[in-house]
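Hi there,

Here is the structure I promised to pass on to you. Have a look at it first, and then read my notes below.

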Amino acid sequence: MYDIVRDEISFKQKDFPVLIHSEKTVTNMYSRFHEAIELKLVTSGKLTVMVDTQPIMASEGEIIFINPYEVHSNLLIDNAEIRYDLVMISLDFFERTGIGGIDLRKIFIENQTQFKNIIKNDKVVNVTKRLVASLQEDDTYSKLYASGLLLELFALLQRSEAKPNEGSITDKGVKFFHSIEPAVMKIRDDYRSQLSGEELAEMCGMSKYHFCRTFKRVMGITPVQYQTECRLRIADILLQNADLSISAVGAKVGFEDEAYFSRCYKKHRGLSPKAKRAKLSK
């Protein structure tokens with residue numbers, strides 16, 4: 001079985017976070033996912049991409065659209081010549097460029113909108129072709145023109161290419177779990193330590209705001225609540241050891257203050273650590 005790899009997309013121009021790779025040749029590719037939006041405009045042959053568990057085939061003049069966090073990989077079916085133009089767009093594009101009108105994070109994360117993986121709409125294809133052409137020019141006018149085309153592109157997509165609502169992010173948690181997995185593992189392994197939201201977000205390659213929202217949607221609780229639960233589950237076990245004082249149990253799971261540990265334990269378990277121990281000894 002091949003690992004699914006999270007790609008960290010690095011946009012060279014922070015104030016214009018779009019990448020283009022023109023006329024890429026198809027090769028087999030590992031399964032990957034990333035936060036950026038990805039468009040593959042087929043220029044020659046027929047391109048097949050596995051998106052999650054579905055093979056998607058696009059012919060010349062059609063687009064394969066990869067939504068944020070969709071696991072995908074190119075499939076090389078035969079030795080036919082297949083080429084495509086690749087465009088990567090940051091969810092922060094309009095915020096970084098200072099162009100208002102569309103909030104991509106709200107569309108994809110908060111509203112949970114996803115667009116169809118194969119797009120044949122002539123208007124969308126035409127706008128994408130013009131976008132590719134403008135991005136190949138490296139000047140201020142071309143950037144302004146490309147920004148306008150991106151506004152038009154997402155307006156068209158929202159009008160005609162949105163998928164039916166397939167459930168919440170939590171329902172599709174396996175996909176989104178990959179994006180926060182480093183933080184989850186860190187909390188599990190280092191539950192005693194004081195872990196800041198900034199530190200955990202950096203591990204996942206996200207802003208603190210986006211990390212906290214994504215974590216809550218996937219796990220159902222905040223990172224702080226998750227760490228507290230990890231601590232209390234260990235405390236439940238340690239309380240069975242009568243040789244450990246309540247203070248020692250709290251210290252072993254990261255609570256330096258016994259009173260605070262007792263308050264926290266009672267809040268989440270419904271009884272104090274002392275009462276819990278007495279109940280266990282019966």
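**What I found**

Let's start with one pair of residues: M50 stands opposite S73 in β8. Please keep in mind as you read that this is a predicted model.

That pair belongs to two strands, β5 and β8 (residues 72–75), which pair in the antiparallel sense over 4 bridges. Strand β5 (residues 46–51) also has a partner in strand β6 (residues 54–59), again antiparallel, with 6 bridges between them. If you want a place to look there, find V49, which stands opposite I56 in β6.

Now for the open sheet. It is formed by 5 strands in the order β2-β9-β4-β7-β10, and the pairing is antiparallel. Which strands sit at the edges? They are β2 (18–25) and β10 (118–119), each of which pairs on one side only. Inside that order, strand β4 (residues 37–44) and strand β9 (residues 83–89) run antiparallel and are joined by 7 bridges. One residue to click on is K40, whose bridge partner in β9 is L86.

A helix goes with this sheet too. Helix α3 (residues 122–135) lies across β2, β4, β7 (63–66), β9 and β10, and it runs at about 95 degrees to β4.

Next, the nonpolar cores. The largest one has 61 residues, and the members that touch the most other members are I89, L104 and F154. Helix α4 (residues 140–160) gives this core its largest share, 7 residues. Another core lies apart from it, with 15 residues that include A36, L47, A58 and L86.

What does I89 touch, once its neighbours within four places in sequence are left aside? Its contacts are F11, P17, V18, A36, I37, L39, L104, L150 and F154. So you can trace two of the other well-connected members, L104 and F154, straight from I89.

Finally, zoom out to the whole protein. You should be able to count 11 helices and 10 strands. The radius of gyration is 24 Å, well over the 19 Å that the globule rule gives for 282 residues, so the protein is more spread out than a compact globule. Its C-alpha atoms fill a box of roughly 75 × 40 × 30 Å along the principal axes. Of the 282 residues, 44% count as buried. Among contacts with a separation of 6 or more, 70% are between residues 24 or more positions apart. The accessible surface comes to about 14,900 Å², and 50% of that belongs to carbon and sulfur atoms.

Enjoy exploring!

Methods:
Residues numbered from 1 in each chain as written. Predicted model: local features only at pLDDT ≥ 70, side-chain atom pairs only at ≥ 80, totals over all residues. Heavy atoms only, no water. Core = buried A, V, L, I, M, F, W, Y, C linked by side-chain atoms within 4.5 Å. Buried < 20%, exposed > 50% of the residue type's maximum accessible area, 1.4 Å probe, protein only. Contact = heavy atoms within 4.5 Å. Pairing = 2+ DSSP bridges. Axes fitted to C-alpha atoms, helices over the stretch in contact; angles between N-to-C directions. Rg over C-alpha atoms; globule rule 2.2 N^0.38 Å. Areas by Shrake-Rupley, 256 points an atom, 1.4 Å probe, with all protein chains shown as cover.
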